[in-house]
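Me: I have a few quick questions on this one. Can you take a look with me?

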Amino acid sequence: MGLSYNVYLNSHKIYGCKNCKAHLSNHEDIISRNFRGQHGKAYLFNNVVNVTAGDASERNMTTGRHIVRDIACRQCNETVGWKYDKAFEASEKYKEGKYILEAELLCNVT
C-alpha cells in the first residue's frame with residue numbers, strides 16, 4: 001500500500017478537523033443542521049474526505065436503530081463523527097451512506 005495523501009477542498013467555506021485543520025467537507029455538502037452528537041450540535045453531510053471509518057456497530061439512537069461506523073480524521077486520528085451504513089426505519093433510510101460531523105470537533109478552514 002502506498003502513501004495516502006490528503007484531499008484538499010476548494011470552496012468558499014470548508015470544514016476541517018479542529019485538532020489538525022485537515023479538510024473534511026464543504027459547506028455545500030450539508031444536508032441538515034438539525035442533528036445532535038455526543039458533544040452537542042452536529043451536521044449531516046453528503047460527502048466527507050480525509051477520514052477513516054471504524055468497525056460497524058448497531059446503535060439505538062433517538063431516531064431508531066442504525067448500523068453506524070465512527071469516523072476519525074485520517075491525519076490526526078481524532079474522532080469527528082460517524083457514518084450511517086444502515087437505517088432500520090423506512091423514514092430514516094435517507095441517512096444511509098451519509099456522514100455526521102460534530103460541530104464541536106470542527107473548525108472553519110480558510
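Me: Where does His39 lie?
Reply: Keep in mind that this is a predicted model. His39 lies in the loop between β3 (30–37) and β4.

Me: Is His39 buried, exposed or partly exposed?
Reply: Partly exposed, at 46% relative accessibility.

Me: What is His39 in contact with, leaving aside its neighbours within four places in sequence?
Reply: Glu102, Glu104 and Leu105.

Me: And how far apart are the C-alpha atoms of His39 and Gly64?
Reply: They are separated by 19 Å. Along the chain, His39 and Gly64 are 25 residues apart.

Me: Switching to rings. How many aromatic pairs does a search of the whole structure find?
Reply: Four. One of them is Tyr15 with Phe45. That pair is edge-to-face, with 5.7 Å centre to centre and 75° between the planes.

Me: Which parts does the pair of Tyr15 and Phe45 tie together?
Reply: Tyr15 is in strand β1 (residues 14–17) and Phe45 is in strand β4 (residues 40–45). So the pair ties together parts that are 30 residues apart in sequence.

Me: Are Tyr15 and Phe45 buried or exposed?
Reply: Both are buried. Phe45 has 0% relative accessibility.

Me: What sort of aromatic pair do Tyr43 and Phe45 form?
Reply: An edge-to-face one. The ring centres are 6.3 Å apart, and the angle between the planes is 75°. Tyr43 counts as buried too, at 11% relative accessibility. Ring pairs link Tyr15, Tyr43 and Phe45 into a cluster.

Me: What about charges over rings? What sits over the ring of Phe88?
Reply: The charged end of Arg65 does, 3.7 Å from the ring centre. Lys86 also lies over the face of Phe88, at 5.1 Å from the ring centre.

Me: Now cysteines. How many disulfides does the structure hold?
Reply: Zero.

Me: Why is there no bond between Cys17 and Cys76?
Reply: Because their sulfurs are too far apart for a bond, at 3.6 Å. The cut-off for a disulfide is 2.5 Å between sulfur atoms. Cys76 holds the closest cysteine sulfur to that of Cys17.

Me: And which cysteine sulfur is closest to that of Cys73?
Reply: The one in Cys20, at 3.5 Å. That is too far for a bond as well.

Me: Are Cys17 and Cys73 buried or exposed?
Reply: Cys17 is buried, with a relative accessible area of 1%. Cys73 is buried as well, at 0%.

Me: Cys73 is in a strand, I think. In which sense do β7 and β8 pair?
Reply: Antiparallel, over seven bridges. β7 covers residues 64–73 and β8 covers residues 79–87. Ile71 stands opposite Gly81 in β8.

Me: What do β7 and β8 form together?
Reply: A hairpin, with five residues between the strands. Asn77 is in the turn.

Me: What is the phi of Asn77?
Reply: Positive, about 70°, although Asn77 is not a glycine. Asn77 counts as exposed, at 59% relative accessibility.

Me: Where else should I look for a positive phi? What is the value for Lys21?
Reply: Near 70°, again in a residue other than glycine. Lys21 is found in the loop between β1 and β2 (23–26).

Me: Back to β8. How many bridges join β8 to β9?
Reply: Three. β9 spans residues 99–102, and the two strands run antiparallel. In β9, the bridge partner of Gly81 is Leu101. So Gly81 has Ile71 opposite it in β7 and Leu101 as its partner in β9.

Me: Last one, Asn50. Where is its place?
Reply: In the loop between β4 and β5 (51–53).

Me: Is Asn50 buried or exposed?
Reply: Buried, at 4% relative accessibility.

Me: What does the side chain of Asn50 reach?
Reply: The backbone oxygen of His23, at 2.8 Å.

Me: Which residues is Asn50 in contact with, leaving aside its neighbours within four places in sequence?
Reply: Tyr5, Asn6, Val7, His23, Leu24, Ala72, Cys73 and Arg74. Cys73 is the buried cysteine from before, at 0% relative accessible area.

How values were computed
Residues are numbered from 1 along each chain as its sequence is written. This is a predicted model: local features need pLDDT of at least 70, side-chain atom pairs count only at pLDDT 80 or more; totals for chains, interfaces and linings use all residues. Side-chain values use heavy atoms; hydrogens and water are left out. Rings of Phe, Tyr and Trp (its six-membered ring) pair if their centres lie within 6.5 Å; planes under 30 degrees apart count as stacked, over 60 as edge-to-face and the rest as tilted. Helices (H or I, at least four residues) and strands (E, at least two) are DSSP runs, numbered from the N terminus. Buried means under 20% relative accessible area, exposed over 50%, partly exposed in between (1.4 Å probe, protein chains only). A charge sits over a ring if NZ of Lys or CZ of Arg is within 6 Å of the ring centre and within 35 degrees of the ring normal. A polar contact is a pair of N or O atoms within 3.5 Å; within protein, one must be able to donate a hydrogen and the other to accept it, and residues adjacent in sequence count only if both atoms are side-chain atoms. Contact means heavy atoms within 4.5 Å.
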